[in-house]
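Trainee: I have just opened this one and would love a slow walk through one part of it. Could you start from a single pairing and then work outwards, so that I can see how the surroundings fit together?

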Amino acid sequence: MRIRVINPNTTAAMTEKIGEAARKVAHPDTVIIATNPRNGPVSIECHFDEAVSAVGVADEVRAGEQEGTDAYIVACFGDPGLFAARELTRAPVIGIAEAAFHLATLISTRFSIVTTLRRTGIIAEHLLQTYGFSHHCRRIRAADIPVLDLEDDAAPALSKIIEECLQAKEHDDIGAIVLGCGGMADLTAEIQRNVGVPIVEGVTAAVKLAESLVSLGLETSKHGDLAFPPAKQFIGQYAHLSNNGA
Ligand code: 5HY
């Protein structure tokens with residue numbers, strides 16, 4: 001089984017780290033291809049970054065379709081371009097936020113989210129509403145760290161994340177915590193050790209969900225809104241996205 005794990009930002013070191021975390025939990029027969037777009041923001045920390053990165057995700061899915069891919073993972077906690085990506089393939093496409101929400105509600109009645117910057121909290125809130133998990137989430141907390149502080153020496157960022165998780169454990173009346181950034185994928189065990197409540201991380205959650213869907217033979221439905229995009233010409237720098245329909 002070939003799973004393409006797409007880091008929607010363009011920081012290759014973060015893509016590598018996300019790929020490693022995915023391989024650690026993947027089935028031995030699963031091949032993880034970790035990629036990121038060549039064009040786009042080095043980190044995704046606002047609505048504009050999300051909007052631009054969504055086209056990069058589409059480019060990576062189109063590339064994956066050429067190479068034969070059984071499932072895709074959108075490894076940014078905003079799940080940028082998730083529904084557009086689902087239109088481009090029959091393969092399952094899993095967003096790490098959606099995956100983490102699903103698993104968190106299987107092991108706890110209520111969870112909190114600990115994300116990076118305060119301003120990205122609203123993006124998580126919109127996803128909770130879109131996916132129907134708002135009533136499961138007690139609070140969206142921010143460690144107030146830029147995404148790229150998770151690269152190089154992540155120790156200062158890690159202690160801020162652990163501190164925010166301990167506050168959630170103490171005050172939010174929750175049973176689990178969802179990590180709000182793909183760049184935290186390699187920190188789960190350390191956070192778990194220091195916090196002592198179940199920590200749900202989206203990249204690893206998405207890998208196991210993708211494997212389950214593929215092994216069940218479940219594909220993205222082409223009946224309804226996730227059907228292939230209608231034949232259309234794209235102009236200018238997006239001319240390469242022109243398509244002649246399914
Ligand atoms: C992520 N940004 O997972 C999000 C996290 C965030 O570049 N990868 C990013 O803060 O929304």
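Which residue in S3 stands opposite Val5?

Mentor: Happy to, and please keep in mind that this is a predicted model. The residue opposite Val5 is Ile73 in S3. That pair belongs to the contact between strand S1, residues 2-6, and strand S3, residues 71-74, which run in the parallel sense and are joined over four bridges. As background, strands of a sheet pair through backbone hydrogen bonds, in either a parallel or an antiparallel way.

Now turn to the other flank of S1. There the partner is S2, again in the parallel sense, this time over five bridges. To find your place in this pairing, look for Arg4, whose bridge partner in S2 is Ile33. S1 is mostly covered, with four of its five residues buried.

Zooming out, these strands belong to an open sheet of four, ordered S2-S1-S3-S4 and paired in parallel. Strand S2 (31-35) and strand S4 (93-95) form the edges; each has a single partner strand, so one side of each is left without a neighbour in the sheet. On average, neighbouring strands of this sheet are turned by 20 degrees against each other, with direction ignored.

Next, see what lies on these strands. Helix H1, residues 12-25, lies across S1 and S2 and runs at about 165 degrees to S2. Helix H8, residues 202-215, lies across S1, S2, S3 and S4, at about 155 degrees to S3. Your starting strand, S1, is thus listed under both H1 and H8.

If you leave the sheet by way of S3, pause in the loop between S3 and helix H3 (82-87), where you will find Asp79. Its phi is near 45 degrees, a positive value in a residue other than glycine. For context, most residues other than glycine have a negative phi. Asp79 has a relative accessible area of 5%, and is therefore buried.

For comparison, there is a second open sheet of four strands, with parallel pairing and the order S6-S5-S7-S8. The edges here are S6 and strand S8 (199-200), each with a single partner strand, so one side of each is left without a neighbour in the sheet. Inside this sheet, S5 and strand S7, residues 176-180, pair in the parallel sense over five bridges. A handy marker for that pairing is Thr115, which stands opposite Gly180 in S7.

Thr115 turns up again when you look at Thr120, which is found in the loop between strand S5 (111-115) and helix H5 (121-131). Apart from its neighbours within four places in sequence, Thr120 is in contact with Glu45 and Thr115. Because its relative accessibility is 9%, Thr120 counts as buried.

H5 also meets a helix. The axes of helix H4 (residues 96-107) and H5 come within 11 Å and cross at roughly 65 degrees, and the crossing is right-handed. From H4, Ala97, Glu98 and Phe101 meet Ala124, Leu127, Leu128 and Tyr131 of H5. By class, the residues of this contact are six nonpolar, no polar and one charged.

The other loop to visit in this part runs between strand S6 (137-142) and H6, and Asp144 is found there. Asp144 also has a positive phi, of about 55 degrees, although it is not a glycine. Unlike the buried Asp79, Asp144 counts as partly exposed, because its relative accessibility is 37%.

Beyond that loop, H6 lies across S5, S6 and S7, running at about 155 degrees to S6. H6 has a helix partner too: the axes of helix H6 (residues 155-171) and helix H7 (residues 188-195) come within 10 Å and cross at roughly 45 degrees. That angle makes H6 oblique to H7. Their crossing is right-handed. In the contact, Leu158, Ile161, Ile162, Cys165, Leu166 and Lys169 of H6 meet Glu190, Ile191, Asn194 and Val195 of H7. These residues divide into seven nonpolar, one polar and two charged.

To come back to where you began: find Val5 opposite Ile73, then Arg4 with Ile33 in S2, and the strand order S2-S1-S3-S4 can be followed from there.

Notes. Residues numbered from 1 in each chain as written. Predicted model: local features only at pLDDT ≥ 70, side-chain atom pairs only at ≥ 80, totals over all residues. Heavy atoms only, no water. Pairing = 2+ DSSP bridges. Helix = DSSP H or I, 4+ residues; strand = E, 2+ residues; numbered from the N terminus. Axes fitted to C-alpha atoms, helices over the stretch in contact; angles between N-to-C directions. Contact = heavy atoms within 4.5 Å. Parallel < 35°, antiparallel > 145°, perpendicular 65-115°, else oblique. Left-handed = near helix turned anticlockwise from the far one by under 90°. Nonpolar A, V, L, I, M, F, W, Y, C, P; charged D, E, K, R; others polar. Buried < 20%, exposed > 50% of the residue type's maximum accessible area, 1.4 Å probe, protein only.
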